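User: I'm new to this structure and would like a close look at just one part, the place where the ligands sit. Please start there and work outwards, and explain your terms as you go.

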Amino acid sequence: MKILAIETSCDETAIAIIEYEGDPRTSPLYVLSNVVLSQIDLHKEYGGVYPSLAKREHAKNLVPVLDEALTKACLKKDVSSLPSYNKEELKTLLEREPDLFNQCNDYIPKIKIPEIDALAVTAEPGLEPALWVGINFAKALALTWGKPLLPINHMEGHIYSALLHNTETEEKKYTLSSVTFPVLALLISGGHTELVLMRDWLSYEVIGETKDDAVGEAFDKTARMLDLPYPGGPEISKLAKRYGEKREAKKTITLPRPMIDSGDYNFSFSGLKTAVKNTLHSFPKITPEIKEEMAYEFQEAATEVLVEKTAQAIEAYGVKTLIAGGGVSANERIREALIRRLTKERVALFLPPAFLTTDNALMIALAAALREAEGKNKHIPPERFSEIRAHGTARLGSSV
Ligand code: KG4
Ligand code: ZN
């Protein structure tokens, strides 16, 4: 089975192609291509992702990213036929993206239909204008190539990306780690902070979530208060490390650990952000030392809350496997704290490889492959494409 997946939910335009036989949980999975084009440099100016700019950039970049993905996967060389399609139908599908229509109308007739079995696309959650470009592009390809289209939830991708690891013998060959249920997933990104309990494959119960800001958002906002560029997570992490390495560093800042004793699995990060703001205001001058200490203390506070709540949920639900995923799971301090805390428990821990922590389409292809193995994919044909819609705030397991 070959799946081509498209991801445009935020500020990465990504396309991946995977190939496997049978069940991807027990047989190797070949990553034929995994192309990610980040828009971070463009959004830096605004200090965050600007939805209409993200949409425009996706529309501009999808065809070149597709071309790179097909080339890397050697799928432009095959012998299948050139597509024949109704140009008007394609125009209607892409009526909101005229530039993308022009690019598609120029590109698609020139390349042979690639030998893939299905297209997968992130349909939820994310920035709706950004999601729509990817969905419409996927519909255009599925229509012209005559392939089924599979809508996928982005968070589902973040969960399973932690299980993927390279076999080392071959660059493209990956296998999936085996898990024991119940599995707990700690999903930490720019838009989400969730603890998801899984009693089986593709079964999700959100047992805790943030009541306000996502942890990645708190990293980004704290970074902005410290005059650091977007995305703030890696910047905070760098400053915090510098402070942590100074043995003589004095501790003058203490931030709260919001909701740490709330007795449930929910989070709150907006109070932490306000505490950063108020503490910064209490200093007559913000020196580089204060910035370093603030980054350190903020990261400690966020880490402690995340790790403590996760450990409580592991205990309460008899969890056997912990998975972390999402952009913030790249954070070294959080990774180290999870490892340290969980070595005492009898829990297997899986963290995504660094290149899969931030948004990518490989995780979307992987989620599609797992849904396929469980017979849970909706194979949507062109006449039912109107069923595939962007759901900006959809919860795991609710719509696709
Ligand atoms: O998963 P992701 O790429 O996009 C969303 O779906 O939101 O996550 C992006 C978030 C940003 O808030 C970014 O600051 C954060 O992940 N991030 C980090 C680190 N690397 C990225 N946060 C903390 N430490 C990091 N090293
Ligand atoms: Zn994400």
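Analyst: Let's begin with two residues, His154 and Asp359: both of them are buried. Buried here means under 20% relative accessible area, exposed means over 50%, and partly exposed is in between, with a 1.4 Å probe and protein chains only. Before going on, bear in mind that this is a predicted model, where local features need pLDDT of at least 70 and side-chain atom pairs count only at pLDDT 80 or more, while totals for chains, interfaces and linings use all residues. Residues are numbered from 1 along each chain as its sequence is written, chains are lettered from A and ligands numbered from 1 in the order in which they are written, and side-chain values use heavy atoms, leaving out hydrogens and water.

Back to our pair. His154 (NE2) and Asp359 (OD), together with His158 (NE2), are the protein donors of the zinc ion (ligand 2), at 2.1 to 2.2 Å from it. Donors are N, O and S atoms within 2.8 Å of the metal (3.2 Å for Na, K and Ca), and since water is not among the atoms, sites may look incomplete. Along the chain, the spacing of these donor residues reads H-x3-H-x200-D. His154 sits in helix 6 (residues 154-161), while Asp359 is in the loop between strand 12 (348-350) and helix 12 (362-373), so the pair ties together parts that are 205 residues apart in sequence. Helices (H or I, at least four residues) and strands (E, at least two) are DSSP runs, numbered from the N terminus.

Now for ligand 1. His158 turns up again here, with a polar side-chain atom 3.3 Å from an oxygen atom of ligand 1. Asp220 also has a polar side-chain atom by an oxygen atom of ligand 1, at 2.7 Å. From the backbone, Gly327 offers a polar atom 2.9 Å from an oxygen atom of the ligand. How much of ligand 1 does the protein bury? On its own, ligand 1 exposes 560 Å², and the protein buries 89% of that. Accessible areas like this come from the Shrake-Rupley method with a 1.4 Å probe; for residues, only the protein chains shown count as cover. Helix 6, helix 7 (215-225) and helix 8 (232-245) are the elements that give two or more residues to the shell around ligand 1.

That shell has 19 residues, of which Gly190, Asp220, Gly233, Gly327 and Asn331 come nearest. To be near, a residue needs one of its heavy atoms within 4 Å of the molecule or strand. By type, the shell splits into five nonpolar, 12 polar and two charged residues. In that tally, Ala, Val, Leu, Ile, Met, Phe, Trp, Tyr, Cys and Pro are nonpolar, Asp, Glu, Lys and Arg are charged, and the others, Gly among them, are polar.

One more neighbour helps fill in the picture around the zinc donors. Ser9 lies in the loop between strand 1 (2-7) and strand 2 (12-20), and it is buried at 2% relative accessibility. Leaving aside neighbours within four places in sequence, its contacts include both His154 and Asp359, along with Thr122, Leu127 and Ala130; contact means heavy atoms within 4.5 Å. The side chains of Ser9 and His154 are joined by a polar contact of 3.3 Å, and Ser9 makes another with the side chain of Glu7, at 2.6 Å. A polar contact is a pair of N or O atoms within 3.5 Å; within protein, one must be able to donate a hydrogen and the other to accept it, and residues adjacent in sequence count only if both atoms are side-chain atoms. Ser9 also lies 7.4 Å from Glu124, C-alpha to C-alpha, though the two are 115 residues apart in sequence.

Finally, look between two of the helices that line ligand 1. Most residues other than glycine have a negative phi, and most peptide bonds are trans. In the loop between helix 7 and helix 8 you'll find Asp227, with a positive phi near 60°. Asp227 is exposed, at a relative accessible area of 63%. Pro231 is in the loop between helix 7 and helix 8 too, and the peptide bond leading to it from Tyr230 is cis, with omega near -10°.
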